[in-house]
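This report describes a predicted model of a protein chain with a bound ligand. The account begins at the ligand and then turns to the domains, the salt bridges and the backbone.

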Amino acid sequence: MSTTAAPPLIEAFTAEPFSAPEKFTQFCSNGGKPLGGLVGGNEVPGSMNAIFDVINPGTHEVLARVSEMGYDEVNDAVKVGYRAFNGCWKDTPVEKRIALMMKLVELFERDHDVLMACEILNGGKVSELAQGDLTHFRACAEYFADVARGIQFGDGGVMELEGGMNAYSFVEPWGVVAGIIPWNYPVVLSAWFMIPALIAGNCILLKPSEETPLSALYLGKLAEEAGFPAGVVNVLPGRGELTGKFISEHPGVRYIAFTGSPGVGQAILQAADRHGTRVKREMGGNGSAIVLADADPEIVARMIGKNANQHYGQTCSTIHRVFAQREIYDDFLEATESFMKNLKIGNQAEAGTQLGPVINSRQPQRIIDGIQYAKANGAEAILEGGHAKVSGYDGYYLKPTLLRSEPGSRSNPQEVFHCFVNVQSVDSVEEALGYANDTHYGLGSSVWTKDLELGQKIVKQFRDGTGQVNCHNTVAYGLPYGGQGISGGPGGGVNCEETLRDYLQTESIFVAPYPG
Ligand code: NAD
């Protein structure tokens, strides 16, 4: 007799117990000195004499102390970057650059546990999600190695023009480029910047968030060990309003890849535009999900709950806004409540935790303000949210928030960045699309239905960079991940062929016979 196994229950990302390896502790303690930036192959203290604490958001423990990089270090990094660029890096054959990158991948995998400690203890992530994040480093390197092997570097094919003139394109890296990245996915977002930028032949300034600088600093050390020439990989930790601003205002930086919030992205674009630095920006979202009447409310509630709680809602395209067809609205809401209220709140390094701490002391009030905004604009709380106590841990813990709102109510705040879901009922797909697109954001949205053809027709009408049917927060190398509206641009997004081209400039060369 054959039996069919029940499908596994859809669960939120969950923690395995985790403790830091000795190598991480040694790296953080740095022989008793604050960790410096990495400039020209040297660890440098900051000239501003400013040192900041890097903490574990689940315990408030200080994990490391880090020197903030000032104008002098940014300026030095630009100088040594050009020295390395002109001295060797831009003429290093692409296969040699790829080989160095694959060596870095090997070292990354050798020190997997150190990088896990950065993500879990500093980033506040549960291990199941952190494990998945770490797989991106190799996948990203292999993808861009393949892209680089297939595109033009140097001279293109010659066109013959009138009068015996020849013309061709000439493709080369920009020189010194910067990546300014946020705190929420430090390894993934370092990879998405540094791998294509370096394989394209640029020297880089990597500016991690002041909240989570450890993985970028560790990657800088690994890059040196891998054999990248001094000055090719520079890491500049510090606050955005200082170190970040010095980078975006520096005329020697030819290209900036920014990932972070829309307001900061707008400021960087203005600062950089003054001296003609190209900028591309991947910014925040306010993701929506449309649930059609044919969906199974229990299964879809668990899938949407899982995605809404990915990194506790601190993922750029997190689902905050849900529009469910009236026929299944009540059942869907009930199932979502059951999933969300059973999320295990706890320390991110303790077995079973599904909802860990938010990143810093400012976030709880921001999130609570978002909940208040929604309630003041007509949303009714099913799960109130607010501060949570986790026995034995002094961290930034919050409960999940589930709200219901009248159709068409203006109760959705800006990107909340926590496990926060506001559900409205709708009578038609058109109504749902109207509400879903009624936002300045445009990063990622999804439709949940058994009818895959209809689902695809609907997602194509989202004003977002990513439309998904029966999934959310999905990325794939080879397809652009980018935003529309205030969520991103210009440029083709990350993780596609155009991304590598973004790190290259093209010049048209015309050669005429000598006149006379
Ligand atoms: P943030 O905008 O506050 O900071 C991002 C980076 O910019 C940090 O390194 C910060 O130090 C720096 N910075 C801040 N002010 C600056 C200034 N004036 N000049 C130069 N640099 C400055 O964002 P955050 O709080 O770190 O991250 C959360 C945000 O990032 C959310 O909006 C989230 O949606 C977004 N995000 C987007 C994506 C994406 O791919 N679209 C991915 C992850 C996160």
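## Ligand surroundings

The ligand is surrounded by 28 residues, and the closest of them are I181, K207, E210, S261 and E415. Polar atoms of the protein approach oxygen atoms of the ligand at several places, including those in the table below.

| Residue | Protein atom | Ligand atom | Distance |
|---|---|---|---|
| E210 | polar side-chain atom | oxygen | 2.6 Å |
| G240 | backbone N or O atom | oxygen | 3.2 Å |
| E415 | polar side-chain atom | oxygen | 2.5 Å |

E210 and E415 thus each place a polar side-chain atom by a ligand oxygen, at 2.6 Å for E210 and at 2.5 Å for E415. G240, by contrast, approaches a ligand oxygen through a backbone N or O atom, at 3.2 Å.

## Domains and their interface

According to the domain assignment, the protein chain holds domain 1, made of residues 23–284 and 486–507, and domain 2, made of residues 287–440 and 444–469. Each domain is therefore given as two segments of the chain, with bounds that come from an automatic or database assignment. The centres of the two domains, taken over C-alpha atoms, are 32 Å apart.

Contact between the domains involves 22 residues of domain 1 and 23 residues of domain 2. The size of an interface is often given as the accessible area lost when the parts come together. For domain 1 and domain 2 this buried area is about 1900 Å², with 56% of it on carbon and sulfur atoms. On the side of domain 1, the residues that lose the most area to domain 2 are P57, H60 and W183, which together account for 26% of what that side buries.

Polar contacts also join the domains: 16 residue pairs are counted between domain 1 and domain 2, both residues being at pLDDT 80 or more. Helix 4, residues 112–122, contributes three residues to the side of domain 1 that touches domain 2, the most of any element there. That side of domain 1 consists of 10 nonpolar, 10 polar and two charged residues.

## Salt bridges

Side chains of opposite charge can pair when their charged atoms come close. The count for the model is 23 salt bridges. One of them joins E11 and R302, with an N to O distance of 3.5 Å. This pair links distant parts of the chain, since E11 lies in the segment before helix 1 (22–29) and R302 lies in helix 10 (residues 297–308), 291 residues apart. Across the interface of domain 1 and domain 2, one salt bridge is found. A further pair is E211 with R362, whose closest N and O atoms are 2.8 Å apart.

## Backbone features

Most residues other than glycine have a negative phi, and most peptide bonds are trans. N49 has a positive phi, near 60°, and is placed in the loop between strand 2 (42–44) and strand 3 (51–55). A cis peptide bond, with omega about -10°, joins G489 and P490. P490 belongs to the loop between strand 20 (488–489) and helix 15 (497–502).

Definitions and conventions:
Residues numbered from 1 in each chain as written. Predicted model: local features only at pLDDT ≥ 70, side-chain atom pairs only at ≥ 80, totals over all residues. Heavy atoms only, no water. Contact = heavy atoms within 4.5 Å. Buried area = accessible area lost by both parts, 1.4 Å probe. Salt bridge = Lys/Arg side-chain N within 4 Å of Asp/Glu carboxyl O. Polar contact = N/O pair within 3.5 Å; in protein donor to acceptor, adjacent residues only side chain to side chain. Helix = DSSP H or I, 4+ residues; strand = E, 2+ residues; numbered from the N terminus. Nonpolar A, V, L, I, M, F, W, Y, C, P; charged D, E, K, R; others polar. Near = heavy atom within 4 Å.
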